[in-house]
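Subject: Structure handover

Hello,

Here is the structure you are taking over, followed by notes on what turned up in it. Please have it open while you read.

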Amino acid sequence: METFFNIYNLTNSVVTILSIAVAAYCVYRIMKRKKKVLLYCSGIVLALVVLILCIRELYKDYDLWYKIVRKPQTYYIADLNLSPKQCMDDFESIIEIVNENYADIADYKGIDLQKLNTIYKERVANVENAQQYGGILLEYFAKLRNNHTYPYFDGYMAAVSLATRKDSIWVTTCQDRDINLQKKDLIVSINGLSTADYISQKEELVCASSDIYRQKYAALTALTSYTDTCIRLQIRRNEAVLDVSVPLYKEDEFMEKFSFQKDSLRMSPQQVQDKLAFIKTKFFKALDDIGYIQIKDFEPGCVQRFCQQMDSVKNCPRLILDLRNNGGGIQGLMTEIASYLLQKNVTIGNLTIKGDRDKCYKGNIYVLVNTFTGSASEILLACLKKQSNVLVIGELTGGDCGFVKGLNFKSRYNIEFKLATSVPPLLPDGTPSEGKGIAPDIIVEEGLPWENWETSLIVALNLIKQDKLKNN
């Protein structure tokens, strides 16, 4: 984080203090009517110039710090209150910020930013209300094709979790007892559209760097909306076809009505199956030569949790490191964890991640990943893939390592949005750090929870078992 927080730069602070002291001393000498008044006046002018330059740098650092760490205010599109003219003025201010900060990334991605801006300015010019404008903003930011670039709009969600394969969606759990949905229900249509068409339509609003992430995210969040408070479904249950209305809730309403965390609705079918795998796989608990660590994110507290788990498994010759559904977090926390896994330093772009051969884990590491492994977790994965003791198992990752330094901005009428501001570098193996995803060494396709299929965890356990038999 020290890269971002130059406000704490000691040299700049010391120069600022010295400039104030010099200016004060020169004023004091002039007030005493000492000789060399011209010299002291020159000293005051010089000190003020230096002081202004220092304050300017401090302001730049503060402004950068403010854009990174402040908590943005979110809105429901229905609550936007702008006239059509204000919508145009607001969008022009967004275009100005995007042109200033995103132009290089757009060139990198092959996006004609000028053409894109022109198309969406014409659309904004024809809006009748702010709600239409909000929908256009969602599409505009999705066209910028970056996971770290999006408007801060709140949405509505259902108490239903889903599983997907290609263009099909099934219900896995339904916590809302007022809805006639059951496990294994196949969703045939949503709001009158076929499931495939609805997913394609929803993809237009997903801010993502890769197509695979965009498609899967759109499918698994099919029962969410930025504008609707109810979604109409047609489902197939065995041989019957049923029509079902599904209510959507604001987050506070959702948390009040249901006593569980909303993230539980986003649990991957793999995670459900893996819980069963742990119960059924007796040797996993019985033997002390296999370690398992799941890193859910890189948010405050993750380093302490990781270190506690690492202390208990550091002597195991084999470690399963689960990065599935880890969407990233604070890059500095990831680098702290990386030092326990990397055998040597790894440099990607301007970032050097320190490894320590003496303290790092020495055994074989089996890393589990999926489409929702992204941002800082992809950086860690890219570094680990260079090591001979690492095997990566699962799906192609999300394709946005998070090197883009996403900052928070406000439009003219205080619509807040996050925007990537730097071109992503190449990974150590020469592949792009954004837009492609990191390929696993062993591909394991995700199945449905009620199917008898091998998850990446089961594949890792079987490989370990084979390796142990070979060495015995």
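D322 is buried, because its relative accessibility is 1% and the cut-off for buried is under 20%. Please keep in mind that this is a predicted model. The side chain of D322 meets that of R324 in a salt bridge, with N and O 2.7 Å apart. R324 has a relative accessibility of 3%, so R324 counts as buried too.

That pair is part of a longer list: the count of salt bridges comes to 13. Two others are worth describing.

One of them joins K216 to E395, with 3.1 Å between the closest N and O atoms. K216 sits in helix 7 (residues 211-220), while E395 is in the loop between strand 15 and strand 16 (407-410), so this salt bridge ties together parts that lie 179 residues apart in sequence. K216 and E395 are both buried.

The other is formed by the side chains of K385 and D441, at 3.9 Å from N to O. This pair also links distant parts of the chain, 56 residues apart: K385 belongs to the loop between helix 13 and strand 15, and D441 to the loop between strand 17 (416-419) and strand 18 (442-443). Are these two residues buried or partly exposed? K385 has a relative accessibility of 30%, so K385 counts as partly exposed. D441, at 42%, is partly exposed as well.

Next, the nonpolar interior. In soluble globular proteins, nonpolar side chains tend to be buried together. The largest nonpolar core in this model has 40 residues, and the members that touch the most others are F298, L321, L341 and V367. Several helices and strands each supply at least two residues of this core, among them helix 11 (302-313), strand 11 (318-322), helix 12 (331-338) and strand 14 (364-369). Which element gives the most to this core? Helix 13 does, with seven residues.

A second core, separate from that one, has 37 residues, including I97, I111, Y120 and A130.

For a view around one residue, take F298. Leaving aside residues up to four places away in sequence, F298 touches N326, G328, G329, I330, L333, M334, I337, A376, S377 and L380.

On the surface, V45, V49 and L53 make a nonpolar patch of about 260 Å². V45 is located in helix 2, which covers residues 37-69.

As for cysteines, a disulfide is a covalent bond between the sulfur atoms of two cysteines. How many disulfides does the structure hold? The number is zero. Two cysteines can be placed by their accessibility. C316 has a relative accessible area of 8%, so C316 is buried. C174 counts as partly exposed because its relative accessibility is 24%.

Finally, some totals for the whole protein chain. There are 14 helices and 18 strands. The chain has 472 residues, and buried residues make up 48% of them. Of the contacts with a separation of 6 or more, 71% are between residues 24 or more positions apart. The chain exposes about 24300 Å², and carbon and sulfur atoms supply 51% of that area.

Regards

Conventions. Residues are numbered from 1 along each chain as its sequence is written. This is a predicted model: local features need pLDDT of at least 70, side-chain atom pairs count only at pLDDT 80 or more; totals for chains, interfaces and linings use all residues. Side-chain values use heavy atoms; hydrogens and water are left out. Patches are made of residues with over 30% relative accessible area and no salt bridge: like charges are joined within 9 Å, nonpolar side chains (Val, Leu, Ile, Met, Phe, Trp, Tyr) within 5 Å. Accessible areas come from the Shrake-Rupley method with a 1.4 Å probe; for residues, only the protein chains shown count as cover. A salt bridge is a side-chain nitrogen of Lys or Arg within 4 Å of a carboxyl oxygen of Asp or Glu. Helices (H or I, at least four residues) and strands (E, at least two) are DSSP runs, numbered from the N terminus. A disulfide is a pair of cysteine sulfur atoms within 2.5 Å. Buried means under 20% relative accessible area, exposed over 50%, partly exposed in between (1.4 Å probe, protein chains only). A nonpolar core is a set of buried Ala, Val, Leu, Ile, Met, Phe, Trp, Tyr and Cys residues joined through side-chain atoms within 4.5 Å. Contact means heavy atoms within 4.5 Å.
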